[in-house]
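Q: Could we go through this model together? I have a few short questions about the fold and the ligand.
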Amino acid sequence: MNIHAIREQFPILHQQVNGHELVYLDSAASSQKPRSVIDAMRDYYEHSHANVHRGVHTLGSRATDAYEGARAKVATFLNAKDIREIVFTRGATAAINLVASSYARANCQPGDEIVLTAAEHHANLIPWQQVAKATGAILKFIPLQPDGTFTLEDAAATMSSKTKIVTVSHMSNVLGNVNPIKELVQLAHEHGAVIVVDGAQSAPHHKVDVVQLDVDFFVLAGHKMCGPTGIGVLYGKQALLAHMEPVEFGGDMIEFVDLHDATWNEAPYRFEAGTPIIAEAIGLGAAIDFLESIGMEEINKYVTQLGNYAYERLSEIDGLTIYGPTKNRSALVTFNLDEVHPHDVATVLDTYGIAVRAGHHCCQPLMRYFDVSSTARASFYLYNTEAEVDRLVDGLIQTKEFFGHAIR
Ligand code: PMP
């Protein structure tokens, strides 16, 4: 990978923050955008914008072709069999909520079980809490190991003939571990359950093949994979989507409308009520072109190496605790520095131009599991370098010294 050429394509990276060259280590929260994505959206607004699907005029057709073209790009990216398996949503959160509000509410009875873990992002926890409250289904949590991961034996033992849905993240946004999705899919299917995979963190880094994984639902967030905010994807097997009720109603999602009733368009359109997220879908399509021009395998290899390098370098710092497993790690490191609040760590690092995230990372139950209220997290993407990891390490050593003096 030509890292110099890649960095050149991200205008935002070339700036000083607080008098230092920016080191952006917060891509797990949101990645930066290459010029091709920004240009694709500007080009659309400057030359092709109109509403989609209904217009017969030239701009209407151009906009429709671009929007549906983006759907086709997502389908190819995920190796979906049919573009009708790709639903555009506002984000990963909206995609999970769609499955929960539509599929789960219709298919869960009192006493049925939804299997998940305490390490899920709130986006993959709270929608299921709401399903449980509405249907009488029970949430069952796969027990976590001390490092926050779980074993397949425990996953199997948590499932039963009452399991209707298994829902897990592909890659943890806090610990960076990659879960064994293929094996979990097998287990879920053996129990007659469907599986939902939260791919918000994995899709930016891994080649995802929904057919090979045999997942039932898979969600991703465009803004974490070089695309714009406001666009996400729900992949669902056609056999499932075709029987799901819409959860939003209005224009574009209908087939026939009478005064007192209406019938629905086919999937995915029945789930995309109203004027869709056109420019953002086109931006996501451009992001996919960008990622594929580098190659997902190359990207995965590069960011995993960078994550491992960061893990090793941060492990050398006295008084720094790293959370998560020692192996099978991906491109982020979550940590705490003895006696320094993570918000203070992030604030001091910011004075050196280094952007890391501090907080509960939308994973309060996992924070409680580790008996902390928050952590700091440095996350890496294809535009980061080992030199930037070194700057982080230097910044942390300086932070430690700064607070070491202050404490004493
Ligand atoms: N799941 C995981 C694992 C995430 O990291 C995130 C984003 N932090 C989400 C879901 C939600 O994504 P979004 O906020 O883009 O809807």
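Q: What percentages of helix and strand does the chain have over residues 23-392?
A: This is a predicted model. Over residues 23-392, helix accounts for 39% of the chain and strand for 18%. The end C-alpha atoms of that stretch are 8 Å apart.

Q: And what does UniProt list for those residues, 23-392?
A: The UniProt record, an unreviewed entry, gives them as "domain: Aminotransferase class V".

Q: On to the sheet: in what order do the strands run?
A: The order is β4-β10-β9-β8-β7-β5-β6, an open sheet of 7 strands with mixed pairing. From one strand to the next, the twist averages 20 degrees.

Q: Why is one side of β4 and of β6 left without a neighbour in the sheet?
A: β4 (86-89) and β6 (138-142) are at the edges and each has a single partner strand, so one side of each has no neighbour there.

Q: How do β5 and β7 run, parallel or antiparallel?
A: Strand β5 (residues 113-117) and strand β7 (residues 163-169) run parallel and are joined by 3 bridges. One bridge pairs E113 with T163 in β7.

Q: Changing topic, which residues are around the ligand?
A: They are G91, A92, T93, H121, A123, N173, D198, A200, Q201, A221, H223 and K224.

Q: Which ligand atom lies 2.6 Å from the side chain of D198?
A: A nitrogen atom of the ligand lies at that distance from an N or O atom of the D198 side chain. Oxygen atoms of the ligand are 2.6 Å from a polar side-chain atom of T93 and 2.7 Å from a side-chain N or O atom of Q201.

Q: How much of the ligand does the protein bury?
A: The protein buries 84% of the 390 Å² that the ligand exposes when taken alone.

Terms used. Residues numbered from 1 in each chain as written. Predicted model: local features only at pLDDT ≥ 70, side-chain atom pairs only at ≥ 80, totals over all residues. Heavy atoms only, no water. Pairing = 2+ DSSP bridges. Helix = DSSP H or I, 4+ residues; strand = E, 2+ residues; numbered from the N terminus. Axes fitted to C-alpha atoms, helices over the stretch in contact; angles between N-to-C directions. UniProt positions renumbered as here; feature names shortened; annotations may be inferred. Near = heavy atom within 4 Å. Polar contact = N/O pair within 3.5 Å; in protein donor to acceptor, adjacent residues only side chain to side chain. Areas by Shrake-Rupley, 256 points an atom, 1.4 Å probe, with all protein chains shown as cover.
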